[in-house]
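Reader: Could you walk me through the model I am about to load, with the cut-offs spelled out as we go?

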Amino acid sequence: MASNRKVMVLPGDGIGVEVMAANLKVIDWLAKHKSLAFDISEDKVGGAAYDAYGTPLRDETLADAVASDAVLFGAVGGPQYDDLDFSLKPERGLLALRKEMDLFANLRPAIVFDALVGASTLKPEIVSGLNIMILRELCGGSYFAEPRGIDALADGTRKGYDTNAYSTGEIQRIGRVAFDLARKRNGSVTSVEKSNVMHSGILWREEMTKLHQAEGTDITLSHMYADNCAMQLVRYPKQFDVIVTDNLFGDLLSDCAAMLTGSLGMLPSASLGAPDPETGLPKAMYEPVHGSAPDIAGQDLANPLAQFLSFAMMLRYSFGQAEEADLVEAAVADALASGKRTGDIMAPDCEQIGTAGMTQAVLDAMDRRAR
Ligand code: IPM
Ligand code: MG
């Protein structure tokens with residue numbers, strides 16, 4: 001089927017490969033039943049690209065990603081790459097894509113499906129109905145800002161360092177995304193930093209406050225230290241609507257939020273850039289928050305749901321296909337409600353199935369809903 005929606009598929013390593021194969025079945029279903037076609041190209045990234053080409057991200061792969069309307073990503077990494085030079089590690093492929101595509105806004109929704117309330121390690125009343133959005137700044141801070149490196153010192157020891165720098169412009173652009181998200185949700189933003197000890201945190205708080213006064217008085221802005229936020233996320237997570245924070249804190253807090261939902265295997269993400277002046281579409285990459293899970297890779301054990309939910313975010317944010325996004329999300333909820341579980345979310349009286357079984361359960365639910 002011809003299509004002008006160019007989607008680049010990058011399965012990567014470990015369970016990325018099998019959850020992406022599962023995702024392609026969902027994509028095929030939509031082509032067959034909803035005439036929703038994508039012009040799909042596929043390439044290697046991370047360890048798979050290193051094995052094939054000696055680099056975690058080839059220039060031509062990056063160029064294709066930039067030229068596509070959206071990138072659908074699996075996961076990268078594995079223990080066999082642990083001893084590689086830093087610049088060749090699989091994660092560098094992912095970080096280079098984020099940086100080169102300038103995907104500064106990383107949306108990580110943490111939503112608790114009714115059927116999974118019991119899968120969380122927290123009490124049901126704490127997590128039931130939870131729906132929060134963690135917005136992580138993705139192109140700055142300690143993962144990218146200079147100077148960074150490992151230097152030899154005169155006494156023969158070494159010094160490793162990173163810089164947690166943020167400029168006014170970087171804070172403003174992520175702040176605007178946070179306010180926009182809150183407008184479509186419950187109208188409240190919690191800005192998270194460590195302004196009690198970090199200069200970047202002081203500026204972060206000041207710029208968020210100024211931006212709020214200038215452009216965001218229709219929403220409620222509050223501030224919280226990152227350590228307190230980690231505690232509040234497990235104490236009373238429903239107090240949050242949108243949490244906006246820097247790259248490092250966002251990485252940590254989103255893993256923490258994942259466990260509220262029962263499993264890291266349930267969390268999708270969207271990484272968005274500025275809207276293209278011509279098309280209005282943002283540069284975008286969609287990926288599950290879980291990693292490549294090499295310990296369970298290739299054994300039909302991986303939970304594909306975070307990948308499917310990431311694809312649903314792609315339908316919603318890149319292509320405005322809200323109806324199809326709703327369908328995929330509802331089918332995920334149906335599959336869970338039917339008692340089917342992968343090992344990571346297994347519960348008493350449920351039926352444990354693998355990646356293939358869960359994929360089929362979602363496809364069956366889509367069939368039923370399409371009738
Ligand atoms: C994430 C991951 C990545 C990160 C790794 C794989 C580089 O933990 O997306 O949260 O640190 O950002
Ligand atoms: Mg992480």
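Author: What follows goes through a cavity, a strand, some ring contacts and one loop residue. This is a predicted model, in which local features need pLDDT of at least 70 and side-chain atom pairs count only at pLDDT 80 or more, while totals for chains, interfaces and linings use all residues. Residues are numbered from 1 along each chain as its sequence is written, chains are lettered from A and ligands numbered from 1 in the order in which they are written, and side-chain values use heavy atoms, with hydrogens and water left out.

Reader: How many cavities of 30 Å³ or more does a search of the whole structure find?

Author: The search finds one, and its volume is about 50 Å³. A cavity here is a set of points on a 1 Å grid over the protein atoms alone where a 1.4 Å probe fits but cannot get out, and lining residues have an atom within 4 Å of a point; the volume is the space filled by probe spheres set on the points, which are joined across faces, edges and corners.

Reader: And which residues line the largest cavity?

Author: The lining is made of N164, Y166, V192, E193, K194, S200, G201, W204, D246 and F249. Two elements, β8 (188-193) and α7 (199-215), give two or more residues each, and α7 has the largest share with three. Helices (H or I, at least four residues) and strands (E, at least two) are DSSP runs, numbered from the N terminus. By type, the lining divides into four nonpolar, three polar and three charged residues.

Reader: Moving on to β10, which strands does it pair with?

Author: Strand β10 (residues 242-245) pairs in the parallel sense with β5 (residues 131-137) over four bridges, and four bridges also join it to β8, again running parallel. Two strands pair if DSSP finds at least two bridges between them. T245 of β10 is the bridge partner of R136 and also of V192, and V192 is one of the cavity-lining residues.

Reader: Are the faces of β10 buried or exposed?

Author: Both faces are covered, since V242 and V244 on one side and I243 and T245 on the other are all buried (under 20% relative accessible area, with exposed over 50% and partly exposed in between, using a 1.4 Å probe and protein chains only).

Reader: New topic, how many aromatic pairs are there?

Author: There are four, where rings of Phe, Tyr and Trp (its six-membered ring) pair if their centres lie within 6.5 Å, and planes under 30 degrees apart count as stacked, over 60 as edge-to-face and the rest as tilted. One of them is F38 with F319, which is tilted at 5.5 Å centre to centre and 45 degrees between the planes. These two residues sit 281 apart in the chain, F38 in the loop between α1 (15-34) and β2 (39-42) and F319 in the loop between α10 (305-317) and α11 (322-337), and both are buried. Ring pairs link F38, F311 and F319 into a cluster.

Reader: Why is the pair of Y50 and Y81 edge-to-face?

Author: The pair is edge-to-face because the planes of Y50 and Y81 are at 80 degrees, with the ring centres 6.3 Å apart. Y50 is partly exposed, with a relative accessible area of 25%, whereas Y81 is buried at 6%.

Reader: Last one, where is A293?

Author: A293 is in the loop between β12 (282-286) and α10. A293 and G16 are 8.5 Å apart in space, C-alpha to C-alpha, although 277 residues apart in sequence.

Conventions. On a 1 Å grid over the protein atoms alone, a cavity is a set of points where a 1.4 Å probe fits but cannot get out, and a pocket is an open set with protein on both sides within 12 Å along at least five of seven lines; lining residues have an atom within 4 Å of a point. Ala, Val, Leu, Ile, Met, Phe, Trp, Tyr, Cys and Pro count as nonpolar, Asp, Glu, Lys and Arg as charged, and the others, Gly among them, as polar.
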